Amino acid sequence: MTTSESEGRKIGLALASGGARGAAITGVLKVLDREGIRASVVTGSSIGSLVGAAYAAGLPVEEVEQEWLAIDRSKLVRGFLPTLSRAGLSSGSELRKLLADLLGAGRIEDLPMPYAAVACDIDTGDVVILREGPLAEAVRASCAVPGLFHPVRWKSRLLVDGGLVEPLPVRACRELGAEFVIAVDIAPRPEPTTESGRSAWIRLGEQLQQGLHQREWVPNSLTEFLEHVFRERPDSARPLPGLYSILNQSVAILIQEVLEQKLLLYPPDILIRPPVSMSFMGYRHAEEGIACGERAAEAMLPELKRRLADRM
(Lines give C-alpha, C1' and ligand atoms only; values in the text may rest on other atoms or scores of the structure.)
Protein backbone atom coordinates (compact mmCIF):
# COMPACT_ATOMS: atom_id res chain seq x y z
CA MET A 1 0.00 0.00 0.00
CA THR A 2 1.28 3.43 -0.80
CA THR A 3 1.75 6.17 1.76
CA SER A 4 -0.90 8.68 0.74
CA GLU A 5 -4.17 10.33 1.63
CA SER A 6 -5.71 6.89 2.17
CA GLU A 7 -3.60 6.47 5.33
CA GLY A 8 -4.99 9.54 7.03
CA ARG A 9 -3.20 12.55 5.65
CA LYS A 10 -2.94 14.54 2.46
CA ILE A 11 0.64 14.64 1.25
CA GLY A 12 1.48 17.66 -0.86
CA LEU A 13 4.35 18.41 -3.20
CA ALA A 14 5.63 21.99 -3.50
CA LEU A 15 8.00 22.20 -6.48
CA ALA A 16 10.37 25.11 -6.98
CA SER A 17 11.41 27.29 -9.89
CA GLY A 18 14.87 26.89 -11.40
CA GLY A 19 14.88 26.30 -15.16
CA ALA A 20 16.80 23.24 -16.31
CA ARG A 21 17.60 22.46 -12.69
CA GLY A 22 14.06 21.11 -12.58
CA ALA A 23 15.45 17.81 -13.81
CA ALA A 24 16.41 17.22 -10.17
CA ILE A 25 12.71 17.36 -9.21
CA THR A 26 12.13 14.34 -11.43
CA GLY A 27 14.94 12.53 -9.62
CA VAL A 28 13.21 13.22 -6.29
CA LEU A 29 9.88 11.98 -7.68
CA LYS A 30 11.54 8.77 -8.88
CA VAL A 31 12.66 7.96 -5.33
CA LEU A 32 9.29 8.84 -3.79
CA ASP A 33 7.51 6.70 -6.37
CA ARG A 34 9.88 3.80 -5.74
CA GLU A 35 9.18 4.04 -2.00
CA GLY A 36 5.43 4.15 -2.52
CA ILE A 37 5.12 7.72 -1.25
CA ARG A 38 2.42 9.35 -3.39
CA ALA A 39 1.21 12.91 -3.11
CA SER A 40 -2.44 13.90 -3.52
CA VAL A 41 -1.86 17.67 -3.83
CA VAL A 42 0.68 19.39 -6.10
CA THR A 43 1.80 22.98 -6.59
CA GLY A 44 4.63 24.31 -8.71
CA SER A 45 6.33 27.51 -9.70
CA SER A 46 7.95 27.95 -13.13
CA ILE A 47 9.64 24.65 -14.11
CA GLY A 48 8.13 23.17 -10.95
CA SER A 49 4.69 23.89 -12.37
CA LEU A 50 5.52 21.86 -15.48
CA VAL A 51 6.86 18.82 -13.63
CA GLY A 52 4.00 19.15 -11.16
CA ALA A 53 1.41 19.32 -13.94
CA ALA A 54 2.72 16.10 -15.46
CA TYR A 55 2.57 14.45 -12.02
CA ALA A 56 -0.95 15.72 -11.31
CA ALA A 57 -2.11 14.55 -14.74
CA GLY A 58 -1.00 11.03 -13.89
CA LEU A 59 1.97 10.74 -16.24
CA PRO A 60 4.32 8.00 -14.99
CA VAL A 61 7.55 9.34 -13.52
CA GLU A 62 9.52 7.21 -15.98
CA GLU A 63 7.76 8.97 -18.86
CA VAL A 64 8.60 12.39 -17.41
CA GLU A 65 12.22 11.27 -17.04
CA GLN A 66 12.33 10.20 -20.68
CA GLU A 67 11.02 13.61 -21.72
CA TRP A 68 13.97 15.21 -19.91
CA LEU A 69 16.46 12.84 -21.47
CA ALA A 70 14.99 13.39 -24.94
CA ILE A 71 15.71 17.12 -24.88
CA ASP A 72 18.07 17.89 -27.73
CA ARG A 73 19.21 20.92 -29.69
CA SER A 74 16.20 20.97 -31.98
CA LYS A 75 13.74 20.97 -29.06
CA LEU A 76 15.62 23.75 -27.33
CA VAL A 77 15.74 25.88 -30.45
CA ARG A 78 12.03 25.27 -30.99
CA GLY A 79 11.06 26.06 -27.39
CA PHE A 80 13.16 29.22 -27.08
CA LEU A 81 12.89 30.38 -30.68
CA PRO A 82 13.44 34.17 -30.61
CA THR A 83 10.80 36.38 -32.18
CA LEU A 84 12.47 39.56 -30.91
CA SER A 85 9.35 41.53 -30.17
CA ARG A 86 9.13 44.44 -27.76
CA ALA A 87 7.58 42.25 -25.02
CA GLY A 88 10.33 39.62 -24.92
CA LEU A 89 12.80 37.60 -26.95
CA SER A 90 10.17 34.94 -27.67
CA SER A 91 6.39 35.05 -27.99
CA GLY A 92 6.18 31.60 -26.39
CA SER A 93 4.04 30.21 -29.20
CA GLU A 94 6.38 27.29 -29.78
CA LEU A 95 6.56 26.63 -26.06
CA ARG A 96 2.75 26.51 -26.05
CA LYS A 97 2.86 23.76 -28.68
CA LEU A 98 5.45 21.76 -26.72
CA LEU A 99 3.35 22.00 -23.56
CA ALA A 100 0.21 20.98 -25.44
CA ASP A 101 2.03 17.92 -26.81
CA LEU A 102 3.08 16.90 -23.30
CA LEU A 103 0.04 17.88 -21.22
CA GLY A 104 -2.79 17.80 -23.75
CA ALA A 105 -5.73 20.19 -23.87
CA GLY A 106 -7.18 19.42 -20.44
CA ARG A 107 -8.16 21.82 -17.70
CA ILE A 108 -6.76 22.10 -14.19
CA GLU A 109 -10.11 21.45 -12.53
CA ASP A 110 -10.41 18.13 -14.38
CA LEU A 111 -7.13 16.71 -13.04
CA PRO A 112 -7.36 13.68 -10.73
CA MET A 113 -5.85 15.68 -7.85
CA PRO A 114 -5.72 19.32 -6.68
CA TYR A 115 -3.06 21.22 -8.58
CA ALA A 116 -2.01 24.86 -8.87
CA ALA A 117 0.54 26.71 -10.97
CA VAL A 118 1.97 29.85 -9.42
CA ALA A 119 2.54 32.98 -11.49
CA CYS A 120 3.20 36.67 -10.89
CA ASP A 121 1.07 39.63 -11.99
CA ILE A 122 3.60 41.87 -13.75
CA ASP A 123 1.50 44.98 -13.09
CA THR A 124 1.07 44.56 -9.33
CA GLY A 125 3.65 42.00 -8.24
CA ASP A 126 0.86 39.87 -6.75
CA VAL A 127 1.22 36.12 -6.37
CA VAL A 128 -1.40 34.52 -8.63
CA ILE A 129 -2.47 30.94 -7.88
CA LEU A 130 -3.91 29.29 -11.00
CA ARG A 131 -6.33 26.59 -9.84
CA GLU A 132 -8.61 26.40 -12.87
CA GLY A 133 -8.41 26.93 -16.60
CA PRO A 134 -6.35 25.38 -19.43
CA LEU A 135 -3.51 23.38 -17.86
CA ALA A 136 -0.88 23.97 -20.54
CA GLU A 137 -1.57 27.71 -20.60
CA ALA A 138 -1.32 27.94 -16.81
CA VAL A 139 2.08 26.26 -16.97
CA ARG A 140 3.16 28.61 -19.74
CA ALA A 141 2.21 31.59 -17.58
CA SER A 142 4.11 30.20 -14.61
CA CYS A 143 7.19 29.68 -16.82
CA ALA A 144 7.09 33.05 -18.62
CA VAL A 145 10.55 34.33 -17.67
CA PRO A 146 10.48 38.15 -18.01
CA GLY A 147 12.51 39.33 -20.96
CA LEU A 148 12.76 35.83 -22.39
CA PHE A 149 9.04 35.17 -22.98
CA HIS A 150 6.05 37.42 -23.46
CA PRO A 151 3.78 37.87 -20.44
CA VAL A 152 0.77 35.57 -20.72
CA ARG A 153 -2.71 37.12 -20.82
CA TRP A 154 -4.93 35.48 -18.20
CA LYS A 155 -8.33 37.11 -17.95
CA SER A 156 -7.56 40.73 -17.01
CA ARG A 157 -4.00 40.05 -15.87
CA LEU A 158 -0.58 39.86 -17.51
CA LEU A 159 1.31 36.99 -15.90
CA VAL A 160 5.01 36.14 -15.75
CA ASP A 161 7.25 33.59 -14.06
CA GLY A 162 6.04 32.61 -10.58
CA GLY A 163 9.62 32.28 -9.35
CA LEU A 164 9.80 36.06 -9.02
CA VAL A 165 7.49 36.09 -6.01
CA GLU A 166 6.97 32.48 -4.91
CA PRO A 167 10.05 30.37 -5.76
CA LEU A 168 8.79 27.48 -3.61
CA PRO A 169 4.96 27.42 -3.28
CA VAL A 170 4.49 25.81 0.14
CA ARG A 171 1.70 28.20 1.12
CA ALA A 172 -0.31 27.39 -2.02
CA CYS A 173 0.16 23.68 -1.32
CA ARG A 174 -1.36 23.99 2.14
CA GLU A 175 -4.18 26.16 0.80
CA LEU A 176 -5.08 23.31 -1.56
CA GLY A 177 -5.49 20.99 1.43
CA ALA A 178 -2.05 19.43 1.95
CA GLU A 179 -1.47 18.40 5.55
CA PHE A 180 2.11 17.19 5.08
CA VAL A 181 4.19 19.14 2.56
CA ILE A 182 7.31 17.80 0.85
CA ALA A 183 9.09 20.76 -0.75
CA VAL A 184 11.77 20.39 -3.41
CA ASP A 185 14.03 23.44 -3.69
CA ILE A 186 16.18 23.76 -6.81
CA ALA A 187 16.46 27.56 -6.85
CA PRO A 188 19.86 28.90 -7.95
CA ARG A 189 22.29 29.99 -5.27
CA PRO A 190 25.00 32.65 -5.45
CA GLU A 191 28.37 31.28 -6.58
CA PRO A 192 31.78 33.00 -6.64
CA THR A 193 32.50 35.05 -9.74
CA THR A 194 36.09 35.34 -10.91
CA GLU A 195 36.57 36.30 -14.53
CA SER A 196 37.19 39.53 -16.39
CA GLY A 197 34.95 40.81 -19.11
CA ARG A 198 37.88 41.08 -21.52
CA SER A 199 38.45 37.32 -21.73
CA ALA A 200 34.74 36.80 -22.18
CA TRP A 201 34.70 39.14 -25.16
CA ILE A 202 37.70 37.29 -26.60
CA ARG A 203 35.73 34.05 -26.39
CA LEU A 204 32.78 35.78 -28.04
CA GLY A 205 34.99 36.56 -31.03
CA GLU A 206 36.25 32.98 -31.09
CA GLN A 207 32.69 31.66 -31.05
CA LEU A 208 31.65 33.92 -33.92
CA GLN A 209 34.71 32.91 -35.90
CA GLN A 210 33.91 29.25 -35.28
CA GLY A 211 30.37 29.86 -36.44
CA LEU A 212 31.57 31.32 -39.72
CA HIS A 213 33.66 28.25 -40.45
CA GLN A 214 31.30 25.56 -39.17
CA ARG A 215 27.78 25.72 -40.53
CA GLU A 216 26.55 23.13 -38.05
CA TRP A 217 27.45 25.42 -35.15
CA VAL A 218 24.14 26.67 -33.73
CA PRO A 219 23.62 27.75 -30.11
CA ASN A 220 20.72 26.00 -28.39
CA SER A 221 19.28 29.36 -27.43
CA LEU A 222 20.35 32.97 -27.08
CA THR A 223 20.51 32.59 -23.31
CA GLU A 224 22.67 29.47 -23.49
CA PHE A 225 24.97 31.16 -25.98
CA LEU A 226 25.43 34.16 -23.68
CA GLU A 227 25.96 31.90 -20.72
CA HIS A 228 28.72 30.00 -22.54
CA VAL A 229 30.41 33.14 -23.74
CA PHE A 230 30.35 34.91 -20.40
CA ARG A 231 30.92 31.91 -18.13
CA GLU A 232 33.51 32.87 -15.55
CA ARG A 233 36.87 31.09 -15.20
CA PRO A 234 39.36 31.54 -12.36
CA ASP A 235 42.16 34.06 -12.66
CA SER A 236 44.98 34.46 -10.14
CA ALA A 237 44.53 38.25 -10.05
CA ARG A 238 40.77 38.02 -9.30
CA PRO A 239 39.63 40.53 -11.93
CA LEU A 240 36.14 41.98 -12.04
CA PRO A 241 33.45 39.50 -13.13
CA GLY A 242 31.83 39.77 -16.53
CA LEU A 243 28.42 41.28 -17.22
CA TYR A 244 26.55 37.98 -17.51
CA SER A 245 28.04 36.74 -14.26
CA ILE A 246 26.99 39.88 -12.41
CA LEU A 247 23.42 39.67 -13.72
CA ASN A 248 23.19 35.94 -13.02
CA GLN A 249 24.55 36.42 -9.50
CA SER A 250 22.11 39.27 -8.84
CA VAL A 251 19.13 37.13 -9.81
CA ALA A 252 20.35 34.27 -7.59
CA ILE A 253 20.75 36.63 -4.62
CA LEU A 254 17.28 38.09 -5.06
CA ILE A 255 15.67 34.67 -5.39
CA GLN A 256 17.43 33.40 -2.27
CA GLU A 257 16.30 36.42 -0.25
CA VAL A 258 12.68 35.89 -1.30
CA LEU A 259 12.91 32.14 -0.73
CA GLU A 260 14.37 32.31 2.77
CA GLN A 261 11.71 34.79 3.88
CA LYS A 262 8.94 32.61 2.46
CA LEU A 263 10.32 29.52 4.20
CA LEU A 264 10.28 31.34 7.54
CA LEU A 265 6.61 32.20 7.01
CA TYR A 266 5.51 28.92 5.43
CA PRO A 267 7.88 26.08 6.36
CA PRO A 268 7.32 22.66 4.75
CA ASP A 269 7.36 19.43 6.74
CA ILE A 270 10.27 18.10 4.69
CA LEU A 271 12.63 20.20 2.59
CA ILE A 272 14.71 18.42 -0.07
CA ARG A 273 17.48 20.56 -1.56
CA PRO A 274 19.41 18.79 -4.32
CA PRO A 275 22.84 20.48 -4.69
CA VAL A 276 22.32 20.99 -8.42
CA SER A 277 25.34 22.34 -10.28
CA MET A 278 23.45 22.77 -13.56
CA SER A 279 22.86 26.26 -14.88
CA PHE A 280 19.40 27.73 -15.49
CA MET A 281 19.67 26.81 -19.18
CA GLY A 282 21.60 23.54 -18.90
CA TYR A 283 18.80 21.39 -20.33
CA ARG A 284 21.19 19.07 -22.12
CA HIS A 285 22.58 17.94 -18.75
CA ALA A 286 19.27 16.56 -17.53
CA GLU A 287 20.69 13.14 -16.68
CA GLU A 288 23.09 14.74 -14.22
CA GLY A 289 20.27 16.74 -12.62
CA ILE A 290 18.01 13.69 -12.28
CA ALA A 291 20.77 11.74 -10.54
CA CYS A 292 21.40 14.66 -8.18
CA GLY A 293 17.72 14.73 -7.23
CA GLU A 294 17.73 10.99 -6.57
CA ARG A 295 20.71 11.25 -4.22
CA ALA A 296 19.16 14.15 -2.30
CA ALA A 297 15.83 12.31 -1.89
CA GLU A 298 17.53 9.11 -0.76
CA ALA A 299 19.48 11.06 1.86
CA MET A 300 16.21 12.48 3.25
CA LEU A 301 14.26 9.19 3.20
CA PRO A 302 14.92 8.16 6.83
CA GLU A 303 13.74 11.56 8.12
CA LEU A 304 10.79 11.61 5.72
CA LYS A 305 9.60 8.15 6.76
CA ARG A 306 10.03 8.98 10.44
CA ARG A 307 7.95 12.14 10.17
CA LEU A 308 5.27 10.41 8.15
CA ALA A 309 5.08 7.65 10.75
CA ASP A 310 4.74 10.27 13.52
CA ARG A 311 1.69 11.71 11.74
CA MET A 312 -0.17 8.41 11.54
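These exercises walk through a predicted model of one protein chain, each with a worked solution.

Residues are numbered from 1 along each chain as its sequence is written, and side-chain values use heavy atoms, with hydrogens and water left out. Because the model is predicted, local features need pLDDT of at least 70 and side-chain atom pairs count only at pLDDT 80 or more, while totals for chains, interfaces and linings use all residues.

**Exercise 1. The overall picture**

Task: Find how many helices and strands the protein chain has, and what share of its residues is buried.

Solution: Start with the elements. Helices (H or I, at least four residues) and strands (E, at least two) are DSSP runs, numbered from the N terminus. The protein chain has 11 helices and eight strands.

Next, take burial. Buried means under 20% relative accessible area, exposed over 50%, and partly exposed in between, with a 1.4 Å probe and protein chains only. Of the 312 residues in the protein chain, 50% are buried.

Finally, turn to contacts, where contact means heavy atoms within 4.5 Å. Taking contacts between residues at least 6 apart in sequence, 76% join residues at least 24 apart.

**Exercise 2. Helix H1 and its surroundings**

Task: Check the span of helix H1, then work out which elements its buried residues pack against.

Solution: Begin with the span. The expected span of a helix is 1.5 Å times one less than its number of residues. Helix H1 covers residues 23-34, so its 12 residues should span 16 Å; the end C-alpha atoms are 17 Å apart, which agrees.

Then look at burial. Nine of the 12 residues of H1 are buried, leaving the helix mostly covered. Among them are Ala 23, Ile 25, Val 28 and Leu 32.

Now find the partners. The buried residues of H1 pack against strands E1 (11-15), E7 (180-184) and E8 (270-272), and also against helices H2 (47-56), H3 (61-69) and H11 (286-310).

Last, see what follows the helix. Gly 36 comes after H1 and has a positive phi, near 75°.

**Exercise 3. Positive phi outside glycine**

Task: For Ser 46 and Lys 155, decide which is buried and which is exposed.

Solution: Some background helps here. Most residues other than glycine have a negative phi, and most peptide bonds are trans.

Take Ser 46. This residue is not a glycine, yet its phi is positive, about 60°. Ser 46 sits in the loop between strand E2 (41-45) and H2. With a relative accessibility of 4%, Ser 46 counts as buried.

Now take Lys 155, whose phi is also positive, about 55°, although it is not a glycine. Lys 155 lies in the loop between strand E5 (152-154) and strand E6 (157-161). Its relative accessibility is 73%, so Lys 155 counts as exposed.

**Exercise 4. Three buried residues and their contacts**

Task: Locate Ser 17, Ala 116 and Val 152, and list what each one touches beyond four places in sequence.

Solution: Ser 17 belongs to the loop between E1 and H1, and at 5% relative accessibility Ser 17 is buried. The contacts of Ser 17 include Ser 45, Ser 46, Gly 163 and Ile 186.

Ala 116 is part of strand E3 (residues 115-121). Its relative accessible area is 0%, so Ala 116 is buried. Ala 116 is in contact with residues including Val 42, Gly 44, Ile 129 and Leu 176.

Val 152 belongs to strand E5 and is buried at 1% relative accessibility. Among the residues that Val 152 touches are Glu 137, Ala 141, Ala 144 and Leu 158.

**Exercise 5. Cysteines and disulfides**

Task: How many disulfides does the whole structure hold, and are Cys 143 and Cys 292 buried or exposed?

Solution: A disulfide is a covalent bond between the sulfur atoms of two cysteines. The test is a pair of cysteine sulfur atoms within 2.5 Å. The search of the whole structure finds zero disulfides.

For burial, Cys 143 has a relative accessible area of 11%, so Cys 143 is buried. Cys 292 also counts as buried, at 7% relative accessibility.
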